[in-house]
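Trainee: I have a model open and would love to take a close look at one part of it with you. Could you walk me through the salt bridges and what surrounds them?

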Amino acid sequence: MFFYELREGDDDIFADVLLVREEEMDAESFFELVQEIRRRVQDSFPQDTLIEAIAEELEHDYEFIPISDDRLSASVNVSKMEDENYLASIDSDDDDDPDGPDYRGIFVDLPRDGTRPN
């Protein structure tokens, strides 16, 4: 198995998608393939991010498998404290779920000229 990463963002906000593939592709070939797909999909894609759109193309046409929460079979919380070790829920979208993430992510499109809307 060979692992690849797509990264998107800047110093303040960062997102990534990990992919796996059974056959190795050298880094330069992977880069060129990603660039080809990016140029094709960058102006219109239904996914939330460009890297998700590229990952979907890589999955459908090039035998890559995106590693995402949707594909998790199990999640285990691990701690040195015995009572903080447990099998976590992986299929709950409930905001009150104690096993849910303790963070939220948002995307904000700010002007690049340095001004900020009020």
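Is E57 buried, partly exposed or exposed, going by its relative accessibility?

Mentor: Happy to look at that with you. Please keep in mind that this is a predicted model. E57 counts as partly exposed, because its relative accessibility is 23% and the buried class holds only residues under 20%.

Let us place that residue in the fold before following its partners. The protein chain has two helices and five strands, and their order from the N terminus is β-β-α-α-β-β-β. E57 belongs to helix α2, which covers residues 50-62, while its partner R40 sits in helix α1, so this salt bridge ties together parts that are 17 residues apart in sequence. In the bridge between E57 and R40, the closest N and O atoms are 3.0 Å apart.

Now stay with R40, since E57 is not the end of the story there. R40 also forms a salt bridge with E36, with 3.8 Å between the closest N and O atoms. The cut-off for a salt bridge is 4 Å, so the 3.8 Å of this pair falls within it. The two residues are four apart in helix α1, which means that about one helical turn separates them. R40 has a relative accessible area of 44%, so it is partly exposed. E36 is partly exposed too, because its relative accessible area is 41%. Put together, E36, R40 and E57 are linked in a network of salt bridges.

Helix α2 takes part in another bridge, through E59. Its partner is R71, and the closest N and O atoms of this pair are 2.5 Å apart. R71 lies in the loop between β3 (65-67) and β4 (75-77), and E59 in helix α2, so the pair links distant parts of the chain, 12 residues apart. With a relative accessibility of 43%, R71 counts as partly exposed; E59 falls into the partly exposed class at 27%. A search of the whole structure finds three salt bridges, and we have now visited E36 with R40, R40 with E57, and E59 with R71.

What about charges outside these bridges? On the surface, E24, D26, E28 and E32 gather in a patch of negative charge. One of them, D26, lies in the loop between β2 (14-21) and α1 (27-41). D26 counts as partly exposed because its relative accessibility is 45%. Residues in a salt bridge are left out of such patches, so E36, which pairs with R40, could not be counted in one.

For contrast, turn to the nonpolar side of the surface. M1, F3, L18 and I67 make a nonpolar patch of about 440 Å². M1 is found in the segment before β1 (2-9), and it counts as exposed because its relative accessibility is 59%.

Finally, step back to the whole chain. About 10,000 Å² of the protein chain is exposed, and carbon and sulfur atoms supply 46% of that area. Of its 118 residues, 22% count as buried. Among contacts between residues at least 6 apart in sequence, 39% join residues at least 24 apart. If you go back to E57 with all this in view, you will find it partly exposed, paired with R40, and part of the network that also includes E36.

Conventions
Residues are numbered from 1 along each chain as its sequence is written. This is a predicted model: local features need pLDDT of at least 70, side-chain atom pairs count only at pLDDT 80 or more; totals for chains, interfaces and linings use all residues. Side-chain values use heavy atoms; hydrogens and water are left out. Patches are made of residues with over 30% relative accessible area and no salt bridge: like charges are joined within 9 Å, nonpolar side chains (Val, Leu, Ile, Met, Phe, Trp, Tyr) within 5 Å. Accessible areas come from the Shrake-Rupley method with a 1.4 Å probe; for residues, only the protein chains shown count as cover. A salt bridge is a side-chain nitrogen of Lys or Arg within 4 Å of a carboxyl oxygen of Asp or Glu. Buried means under 20% relative accessible area, exposed over 50%, partly exposed in between (1.4 Å probe, protein chains only). Contact means heavy atoms within 4.5 Å. Lys and Arg count as positive and Asp and Glu as negative; His and the chain ends are not counted. The place of a charge is taken as NZ of Lys, CZ of Arg, CG of Asp or CD of Glu.
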